[in-house]
Each structure stands twice: as structure tokens, then as C-alpha cells.
Amino acid sequence: MMRYNHLGHLGSIVVSFLTLARLVPLHTWSCLFRGIKMASAILSFACPSSASASVSVRDNFKGRTRLGCLQERCPFSQAKQFGRVAMNVAVNVSRFEGITMAPPDPILGVTESFRADKDEKKLNLGVGAYRTEELQPYVLQVVKKAENLMLERGENKEYLPIEGLAAFNKATADLLLGADNPLVKQEKVATVQGLSGTGSLRLAAALIERYFPGAKVLISSPTWGNHKNIFNDAKVPWSEYRYYDPKTVGLDFDGMIADIKAAPGGSFILLHGCAHNPTGIDPTLEQWEKIADVIQEKNHIPFFDVAYQGFASGSLDADASSVRLFAARGMELFVAQSYSKNLGLYAERIGAINVVCSSSDTAVRVKSQLKRLARPMYSNPPVHGARIVANIVGDPVLFSEWKGEMELMAGRIKDVRKRLYDNLSGKDKSGKDWSFILRQIGMFSFTGLTKAQSENMTNKWHIYMTKDGRISLAGLSLAKCEYLADAIVDSYHNVN
Ligand code: PLA
């Protein structure tokens, strides 16, 4: 024993342990250790909120599986069985404890709150969804006709190819660039049917992440809130360029140009093709030319989001003029399209991603990679909405009927805009100029109301809108304009 004196107490413990170890059979030791391990599992389980608890239990389960055959012979196996039951019954802890509550979506979450409100005066001006004067959802007559045709033909429900319905892809590129556009004829456009605008943007973001690692996307400040989520989820870095000037309630054109110039060469510049969301402020054609100049100078890649073609002006061609202007310069570009608004196909999830390339050979390769990205994400897109679009765009009679209905929808929004302006300028005696509402275009009006003022609109007046001060005029009727004007005047003047 003298030999171990210099080790002190710890040494004595180790020596006693080793001596004991020689006297006890190996098998019993192994069981003893497993018993201790089990006890630690029970203790880990007793800690409800700890993420490490789940990990520790999982590891122990794995351990048990590995030790499997030893269990039968081991005196601790009963205790272990007991331990497992105790764990399952006594501590009802989810393996998903670490998953925290997500905040409601800033746009779609507004509809959820609206539905929960029981007040008769309530008004949903949150999501950009077209309503009739009776504030009812609207299915276009031309869509019903196309659906009837589809029913008559008895079309099947086979899988579409990964890139979607060929007739849709042709129709959508034609609609965007113009049917006689040489780019389409020369097959320089890679078009892939997407899950509406959002899914098409997401697919493009995945392509950027894979083939332009580290490249930045510049988005307007402000922009549609989901743009940031899309690029974040795709792990594509982004930053903002100046767009809206609250002083003029207009476009900060110089700021926009300066920021696009300052971006690292070869960045992607996200542009709203028309009816900028949320501001309703678009560059003029002259300004688009200058934007194209800077983008070309800096070798950037324009990336258009066209979610409102036909809804801004009522004309499909006029609303595509920004994209066509860039394409005519021979620039390579991305364009995401959506048929949610202009054809009212919100729930059909129909849209496309188009990549305009410098050669048909490049377009073939780009398309192959878009398909490769789509396959593990959602395999192939849904057919119903694609057939509706293809039938309408491909049939001259239905196509012209659609244009008529779109003009009606865009016209109703313009009427509501005018009525709201009249009510605001009639009721507000402060001299504030509300004419910016008339200058904004598309579905939305960016009112300039602050977060607190927007909250007052909801809490006091039951008017549901996004917290950035945006209201969807597509969800407003002429009859409700006066009530809305009262709420805006009150919120603007009485809430700081
Ligand atoms: N891009 C922009 C600029 C949009 O405003 C929207 C829709 C989309 C793309 C995507 O629409 P899609 O996926 O249905 O084709 N913005 C809505 C709805 C109308 C939403 O937020 O999803 C909005 O209220 O802003």
C-alpha cells in the first residue's frame, strides 16, 4: 500500500475499484454500466424543455439496440424494461420540444386574424386577392369556360413532365415576351412551369445558389415580404436598394441607380415587372431604360418578378413592357410569372420561371438544371391550372374574353382608388395631399400609415391590413370607401 501513498485519495479510490473489479465477473460489470446509463436516461427525460434531453435519450435507445442480445441474460434488463415504461408513461415529453412557435405570416396571417373577428364591419385589405363589389371571391367566366372544355375532353391525370405542360410553357413565354418575339422563335428562353410566382422564384433562387455561389441578389426597399424569406431559405445572400421615398411618396430613382451601381458586378437585381408591391410605384419607361443601362454596365443579371401582368394597366402587353425592353437589348435575364391575380387562379399554384439566354444551347442546359432542382423538391407541377392557362391563351376567342375581364377587374380597382381619394380629400380638413393614392397603380395602395396607425385601423376599426401600411384595394368595395376613409383619417391624425 505504501507504494500508492503519493497518489492521495483519488489514487486510493482507483486502487479499491481495480481490486473490486478483479473479484466481480465481467458480464455483471457490463450490466451494471448499462443500469447506470439507463438511470441517466430517466434523469435526462425528467428535464422537459432541454434539447439535450432528447439527444441523450436517443443515444441511449441506440445503445440498447446495439447491446440487444445481452439484455436477456442481464439482471438489469428488467429494471431497464421498467425504465423504458416509466419513461414513456411518466414523462410525456415531445421529441419536438425544441421547435418553437413561428410568428404568423405578415400577409397571410392577416387573413387568419380577419376570420377570427366577429365584428360585422370587418374588412380584409391584407392579402392581394380580388373581390367583387359584394366583397366575394371571383372566378373568371373565361376560367369556367376553359374548365368546362377540359371536362368535356375528359383529360387524364397523368404526371406532367418535370418542366410542366408544354402548351402552358409556350403560352406563358409568348404572353410575357410577345408571340412574335425572336427570342422565343430562336428557342433562347428556358421556361419551366412553377408552383405559381412563389415556387418559380424559389426555383430560380435554388439555381442561383447552385451556379452563382456567393452572388448577391439586390431587392427593393421595401419589397414583397416573402422575397426575403425565399432568398434566406435558398441561402442566397441579399441586400436592398433604395426604392421608395417617403418624402415624395414616390420613387427614389437616384438612390436606386446609385445602389445598383454600387453593388458588386454580376449581382442579380430583383425588379417588379409592374405594379410594384407594396408601393404601387413603377419606374417610367424612360427610367426603365436608365435602369437597364446601369445593369448592363455592371454586368448584373436582371431578375423580374411579374406577378401582376395585366393588373397594373389592364393591358397584358403594356405591363410586360419593362421585361421586353430588357430582353430587346439582348440581356440574359430571369423572369418569374404568376397567374394568381390576372387569371384569379390563386389556389391552382400556376406560374413559371423563364430564363432568357444568349443562345438556344445555353437555354437547353439551363432548363435541364432547373428540372434537376425541381425533381427532388416537388417532382413535377400540377396540371389543372396549366391547362386552364394554355386553353385560354391558345384560343383567340377565350383570350380576348380574358382581356375583357381583366380590364373589368383592373377598372374596378381604379374606381375604388378614385372613390377612396375623393372620400379622403373630402373628410380630411388638414390640407394633407392624398393624391399619391391616384398615382399608385395595381392592387395596392401604400398609405404611409405607420405600424401603430395600422394597428389602430385593425383594433379600433376592424380593418385588416399589413403593418407596413399597405392596403389591398382589390379587397375594397365602392360602398366601403367612406368607412375606410374615416378610419384612415382617424388613424393618421390621432395616433402617433
Ligand atoms: N411576387 C409578388 C410581388 C407578389 O406580390 C406575390 C403575391 C407573389 C410574387 C406570389 O404570388 P403567387 O405565389 O400566388 O403567384 N403577393 C400577395 C399574396 C398577393 C402573398 O403574399 O402570397 C400579397 O398579398 O402580397
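## Prolines, ligand and pockets

Me: Where is Pro222 found in this predicted model?
Reply: Start at the bond before it: the peptide bond from Ser221 to Pro222 is cis, with omega near 0°. Strand S3 covers 217-221, and helix H11 covers 226-233. Pro222 is found in the loop between S3 and H11.

Me: Which residue is joined to Pro278 by a cis peptide bond?
Reply: Most peptide bonds are trans, so a cis one is worth a look. Pro278 has its place in the loop between strand S7 (268-272) and helix H13 (285-297). Omega is about 15° for the cis bond, and the partner of Pro278 in that bond is Asn277.

Me: How many Å separate a polar side-chain atom of Asn277 from an oxygen atom of the ligand?
Reply: Asn277 is listed among the closest residues to the ligand, along with Ser196, Thr198, Tyr308 and Ser338. A polar contact needs N or O atoms within 3.5 Å. The Asn277 pair meets that limit, with a distance of 2.6 Å.

Me: What share of the ligand's accessible area does the protein cover?
Reply: Other contacts come first: an oxygen atom of the ligand is 2.8 Å from a polar backbone atom of Gly128, and one is 3.2 Å from an N or O atom in the side chain of Lys341. On its own, the ligand has 540 Å² of accessible area. The protein covers 92%.

Me: Which helix gives the most residues to the shell around the ligand?
Reply: The shell has 17 residues, which divide into six nonpolar, seven polar and four charged. Three of the shell residues come from one helix, spanning residues 196-211. That helix is H10.

Me: What phi does Ser196 have?
Reply: Most residues other than glycine have a negative phi, so a positive value stands out. Ser196 is found in helix H10 and is one of the closest residues to the ligand. Although Ser196 is not a glycine, its phi is positive, at about 60°.

Me: What is the volume of the largest pocket?
Reply: This is the space that the ligand takes. The pocket is lined by 47 residues, and those closest to its centre are Ile107, Leu108, Val127, Gly128 and Trp224. Its volume is about 1,100 Å³.

Me: How many charged residues are in the lining of the largest pocket?
Reply: Several elements supply at least two residues each to this lining, among them helix H6 (108-116), strand S1 (123-124) and strand S8 (301-306). By class, 20 lining residues are nonpolar and 17 are polar. The charged residues number ten.

Me: How much space lies in the second largest pocket?
Reply: This pocket is lined by 17 residues, and Val184, Glu187, Lys188, Val189 and Lys367 lie nearest its centre. Helix H8 (166-177), helix H9 (182-185), strand S2 (189-195) and helix H16 (360-378) each give two or more residues to the lining. The lining residues divide into eight nonpolar, three polar and six charged. The space in this pocket is about 330 Å³.

Notes: Residues numbered from 1 in each chain as written. Predicted model: local features only at pLDDT ≥ 70, side-chain atom pairs only at ≥ 80, totals over all residues. Heavy atoms only, no water. Near = heavy atom within 4 Å. Polar contact = N/O pair within 3.5 Å; in protein donor to acceptor, adjacent residues only side chain to side chain. Areas by Shrake-Rupley, 256 points an atom, 1.4 Å probe, with all protein chains shown as cover. 1 Å grid on protein atoms, 1.4 Å probe; cavity = no way out; pocket = protein on both sides within 12 Å on 5 of 7 lines; lining within 4 Å. Sits in = over half its atoms within 2 Å of the grid points. Helix = DSSP H or I, 4+ residues; strand = E, 2+ residues; numbered from the N terminus. Nonpolar A, V, L, I, M, F, W, Y, C, P; charged D, E, K, R; others polar. Points joined across faces, edges and corners; volume = space filled by probe spheres on them.
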